[in-house]
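Student: I would like a close look at one part of this model. Please take the enclosed space first and then the backbone.

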Amino acid sequence: MLRVYNTLSRIKEPFVPVQPTRPGEPAKVGIYLCGPTVYKPSHIGHMVGPVIFDAIKRYLAYSGYEVTLIVNITDVDDKLIAESQKRGLPMARLAAEMTADYMHNLQVLGIDAIDHFPRCTETMGEIIEFTQTLVAKGFAYESQGDVYFEVGKASGYGKLSHRGIEATQGDGGGMAERKRAGADFALWKAAKPGEPSWPSPWGAGRPGWHIECSAMSRKFLGETFDIHGGGLDLMFPHHENEIAQSEACHGKPMAKYWLHNGLMQASDEVGKVGGRSTRPHEGDLAAQEVGKISKSKGSAPFREMLAEFSGETIRFFILFTHYRRPIDYSQQRIREVETGMETFYRFFKRFERVNGASYYALNAPGRRAKGDAACSAAGSSPLLGAVAEHRARFLEAMDDDFNTGGGIGALFDLVRVLNKFVDDEKLEEPGRRTPEKLDALRNGAVMLRELANTLGLFRQPRAAEAGKESAQAGGSDELAGKLMKLLIDLRAASRKKKDFATADQIRNGLAELDIVLEDRPGGTEWSRKQR
RNA sequence: GGCGCCGUAGCCAAGUGGCUAAGGCAGCGGAUUGCAAAUCCGCCAUCGUGGGUCCGACUCCCACCGGCGCCUCCA
């Protein structure tokens, strides 16, 4: 049974979709995640939510739900206007550029489970209509071309962030004198001269910050949907105001479950993105200043990180920690999980060596097997029994509020069991392979793939692997492949003659060039050292 | 000040009212190897401090200490 932590109730609740399941149809689940304001290149903090919710959607789909995931793009906003004026660019052009940056980052991270990216500018009609309804129902009022939501009229305001109205006295961007109460917030803002604007019943203007999410979520997911997600920092006032608007408008709950991810924190010193670590002493971590990644801290664009780390590494790094906890970011931390990931990549190569076909070509079930089907199928061999045990641990962890960190732990164990099987059965030696043993290994690997898929991990061969394959197969790096073969053959001849000095000279010389040789029963393999 | 989170091995990080407290990185010992690499096996924590509840707490409650977030259109 899947359970999720709901910020509304502050406890883990059983996950039961809003829409009743019709017999013979998969239960439908709607998820809305607050996306970026596209005025600057995204930094790693912006990627946490998308990675997590991509994995959440995958896991829900695997669990049998039909999931729709919406992430909005805020392409009209005060910061966007300010930035476009600063850079002398039309706002739409700036937004388009930054949206492209965002999309590129998502793609590199392997995030492809998002169904729609509605833009604020494309939702203007719905936003205006939504605002009109709120005015008509008496929850909002016009004031000098602005429209404000009257927080005092909303029942249950503060139920998400557990705050009283009296505690919420934002100045609303210097528009206090136009508002009836300090806590009231803008649904619509009159345009100042030179600002981008859209026509409305209250004159030319643009939407306030919160209204687009209410309008978009309703447009794609309905008045009440299952999961609303976002960073912890959005809980107040953004999500609180979304709830106020939507529930005032519809008279029913906006979302059943509110999930908030922890924020990425970084040390300015060690966590410098895209550059060399400037740490003066080893083991000096305690002296770091750790703080939230934010605009004010001037963190580097995500794109610069990609020069240092693969998208999959960053994805793995994010998933390594439970989503509700803050993630302490530093290059050293990422390097550590990157080292850990090698365990998987090496196993995949090993698997291909003994199995003859690629791990990446394995066809894993996209749906969780009902009941104990997987376990009973596994009962046929001790290996699969052990694998199934770790599979169960993985599922248990994920069922418990998407505990990806616990799940990854189970994945490491699973690989160990598979490696041990290859060791014990000496499957690296071609003569020791039997169809039964290869079958068992393959079935175990299928289970690994099945689970890793739900996290969106190890779906494609790494770029480095692909490059090397082309070298070995005579691709663009053909010469390197041929030279390597020559050197390996020379070394093999030396070893045969017990001329280990020459053999070691070759291996050590190659090591200097960051090329690693590994002797195996089936021959010597070479690979480029990572980084 | 208000609301809330966190403190588990050298570092990172799961988890649990009672059973061996996952996993990763680093380290140590062993198997394997011509030597390595990789892999496997083993070792490496009484869970911030002090109280309380309980037959029993690391897990629940309180206090304290320490770290952090939000209360500002920051994911």
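Student: How do the residues of the lining of the second largest cavity divide into nonpolar, polar and charged?

Tutor: The structure is a predicted model. In the lining of the second largest cavity, four residues are nonpolar, three are polar and two are charged. The lining residues are Pro36, Thr37, Val38, Lys40, Ser42, His46, Met98, Asp101 and Tyr102. Sorted by class, the nonpolar ones are Pro36, Val38, Met98 and Tyr102. The polar ones are Thr37, Ser42 and His46, and the charged ones are Lys40 and Asp101. Helix H3, which covers residues 91-108, gives the most to this lining, with three residues. The space in this cavity comes to about 40 Å³.

The count of cavities of 30 Å³ or more is two. The largest cavity holds about 60 Å³ of space. Its lining consists of Gln19, Pro20, Thr21, Arg22, Glu25, Pro26, Ala27 and Lys28. By class, three of these residues are nonpolar, two are polar and three are charged. The nonpolar residues here are Pro20, Pro26 and Ala27, the polar ones are Gln19 and Thr21, and the charged ones are Arg22, Glu25 and Lys28.

Now the backbone. Most residues other than glycine have a negative phi, and most peptide bonds are trans. Three places in this model depart from that, and they are taken here in chain order.

The peptide bond between Phe236 and Pro237 is cis, with omega at about 0 degrees. Pro237 is placed in helix H6, which spans residues 235-250.

Asp401 is not a glycine, yet its phi is positive, near 60 degrees. Asp401 sits in the loop between helix H11 (382-399) and helix H12 (404-424). The relative accessible area of Asp401 is 0%, so this residue counts as buried, the cut-off for that class being under 20%.

Lys426 also is a residue other than glycine with a positive phi, in this case about 50 degrees. Lys426 belongs to the loop between H12 and helix H13 (435-455). With a relative accessible area of 39%, Lys426 is partly exposed, because that value falls between the 20% limit for buried and the 50% limit for exposed.

To put the two loop residues side by side: Asp401 is buried, whereas Lys426 is partly exposed. Helix H12 borders both loops, as the loop of Asp401 ends at H12 and the loop of Lys426 runs from H12 to H13.

Technical notes. Residues are numbered from 1 along each chain as its sequence is written. Chains are lettered from A and ligands numbered from 1 in the order in which they are written. This is a predicted model: local features need pLDDT of at least 70, side-chain atom pairs count only at pLDDT 80 or more; totals for chains, interfaces and linings use all residues. Side-chain values use heavy atoms; hydrogens and water are left out. Helices (H or I, at least four residues) and strands (E, at least two) are DSSP runs, numbered from the N terminus. Buried means under 20% relative accessible area, exposed over 50%, partly exposed in between (1.4 Å probe, protein chains only). On a 1 Å grid over the protein atoms alone, a cavity is a set of points where a 1.4 Å probe fits but cannot get out, and a pocket is an open set with protein on both sides within 12 Å along at least five of seven lines; lining residues have an atom within 4 Å of a point. Grid points are joined across faces, edges and corners, and a volume is the space filled by probe spheres set on the points.
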